[in-house]
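Here are a few short exercises to work through with the structure open in your viewer. Try each task before you read its solution.

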Amino acid sequence: MQLPVRHWLALALLAGLSPAWAQAPAPATAAPDPKLIRLGLILPLTGGSSDMGNSARVGAQVAVEEINAVGGYLGRKLELVIRDDQANNDMGLKHAEELVLTEKVAATVGFCNTGVAMKALDVFQNNQHLLIVPCATGTAITAKYPAAESYIFRTSARDQLQSQFLVADIVKRNLKKVALLVDSTGYGDGGLKDLEAALQAVGLKPHIVVRFKVGVKTLADEMKQLKDSGADALIGWTVGPEQGVISASRAAAGWNVPQYGPWGLSHASAFEASKGAVEGTYVVQTVLPNTFMERNSTFLRGYAKLSKERPIGSMMSAAQTYDSVHLLLRAMFLTKGNITGKTLKQSLENLQQPYRGVVTTYEKPFSSADHDAISANMLWLGTWQGGERTYVYKDDAARASVIRRKE
């Protein structure tokens, strides 16, 4: 049985590693403190995607506090250098350049928005700087560079998997006339391509496709068009607040067809924007709150010490970022102190021991041919019930303690 992280790290300390003394973080403009390992964290902490970003930030902080409590990395404590990209492509690029070229952080965890990530990827790749993407799901993120050469890794489920997963449930329910309501961002463009491919793979075509701009407060006209088309299922593809608008508009139109969506439908902003109309919708999840699972409940308690939000803005963002930091730590230990981008990349691709995380137990999550930690068998169908996320299928809830390892 794998030891909890505090026991695992404590054994490392007993093997000869000395703890670092607590000290105040150095100002951003000061020379890096050699007693600290500085990790970049780029997330949308303000704006419409802030529920994802702030949940991811807290998840990272929970991990860092755990690690530092048992001595950090080879006696050096971890410090997060946090930047707010505001879900803005140019701001994300600016912060990537700053952290990599000026702050010279050891590695970076970041990005919740596909468009922001895509604009910044070259900075990490060209400077051989390791990036773990814990939230953004655009399929192109880990496809831009061949994995053997890439410094980009990911712990979220790419959109290709999410779209296939949703379509599989639609087929299971014998629904055939699928309406697609997709935002007009780059995220929407990629999602639409993945949805069309997933439908084609099962012999279906979109019954109707309607696009819309983010920032809308109602989709009444679009919903009427979709309803009048005779569709028997709806997939909305957008981020949290607009997912809420979709649900609210569908309810207002009295259109009682199953509503599906990617993980953004599970964000607290979707619940708030819909005034609860997201209840009963179907959403892709890698993890759900589950107090009967030790790692899940322990993480939730750690999260509650740093944030009192209820429900958590994005459980998936928080857990995936937490796991990302711990996976990075395990890669760092394999480098034996040489934490350059090249050695971190090689170490992540060749992790020796399984890591029992919140989302899953990661056993060889990455390789030189695959930088996505999540595979199709690791997904759950979730829903909103009583203001919290839960499993759609009772069998899934009963089997949740059986770890789904990467295939």
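Let's warm up with one histidine; keep in mind that the model is predicted.

**Exercise 1. Find what His95 touches, leaving out residues up to four places away in sequence, and decide whether His95 is buried or exposed.**

Solution. Start with the contacts: His95 touches Ile42, Arg83, Asp84 and Asp85. Next, place the residue: His95 lies in helix α3, which runs over residues 89-103. Now check the accessibility. The relative accessible area of His95 is 8%, and the cut-off for buried is under 20%, so His95 counts as buried.

**Exercise 2. Check the end-to-end distance of helix α11 against its expected span, then work out how enclosed the helix is.**

Solution. Helix α11 covers residues 315-334, which is 20 residues. At 1.5 Å a residue, the expected span is 28 Å. The C-alpha atoms at the two ends are 29 Å apart, so the model agrees with the expectation. For the second part, look at burial: 19 of the 20 residues of α11 are buried, so the helix is largely enclosed by the rest of the structure. Just after α11, have a look at the backbone of Lys336, where phi is positive at about 55°.

**Exercise 3. Pick out Met315 and describe its surroundings.**

Solution. Met315 belongs to helix α11. With a relative accessible area of 2%, Met315 is buried. Skip the neighbours within four places in sequence, and its contacts are Val287, Leu288, Pro289, Asn296, Phe299, Leu300 and Arg389. For a distance check, take Gly190: Met315 and Gly190 are 125 residues apart in sequence and 24 Å apart in space, C-alpha to C-alpha.

**Exercise 4. How do α10 and α12 pack against α11?**

Solution. Take α10 (residues 294-306) to begin with. Its angle with α11 is about 100°, and the axes are 12 Å apart. Angles of 65 to 115 degrees count as roughly perpendicular, so that's the label for α10 and α11. At this contact, Arg295, Asn296, Phe299, Leu300 and Tyr303 of α10 meet Met315, Ala318, Ala319 and Tyr322 of α11. Sorted by class, the contact of α10 with α11 has seven nonpolar residues, one polar and one charged.

Now do α12 (residues 341-348). The angle between α11 and α12 is about 110°, with axes 8 Å apart, and this pair is therefore roughly perpendicular too. On the α11 side you'll find Leu327, Leu328, Ala331, Met332 and Leu334; on the α12 side, Leu344, Ser347 and Leu348. The class count for α11 with α12 is seven nonpolar, one polar and no charged residues.

**Exercise 5. Which strands stand at the edges of the seven-stranded sheet, and which strands does helix α5 touch?**

Solution. Write down the order: β7-β6-β8-β9-β10-β13-β14, an open sheet with mixed pairing. β7 (208-212) and β14 (388-391) each have a single partner strand, so they are the edges, and one side of each has no neighbour in the sheet. From one strand to the next, the twist averages 30°.

Zoom in on the β14 end. β13 (residues 380-385) pairs with β14 in the antiparallel sense over four bridges, and Thr383 stands opposite Thr390 in β14. Finally, add α5 (residues 159-172), which packs on the sheet and touches β6, β8, β9, β10 and β13. The direction of α5 makes about 165° with that of β8.

Definitions and conventions: Residues numbered from 1 in each chain as written. Predicted model: local features only at pLDDT ≥ 70, side-chain atom pairs only at ≥ 80, totals over all residues. Heavy atoms only, no water. Expected span 1.5 Å × (residues − 1). Buried < 20%, exposed > 50% of the residue type's maximum accessible area, 1.4 Å probe, protein only. Axes fitted to C-alpha atoms, helices over the stretch in contact; angles between N-to-C directions. Parallel < 35°, antiparallel > 145°, perpendicular 65-115°, else oblique. Contact = heavy atoms within 4.5 Å. Nonpolar A, V, L, I, M, F, W, Y, C, P; charged D, E, K, R; others polar. Pairing = 2+ DSSP bridges.
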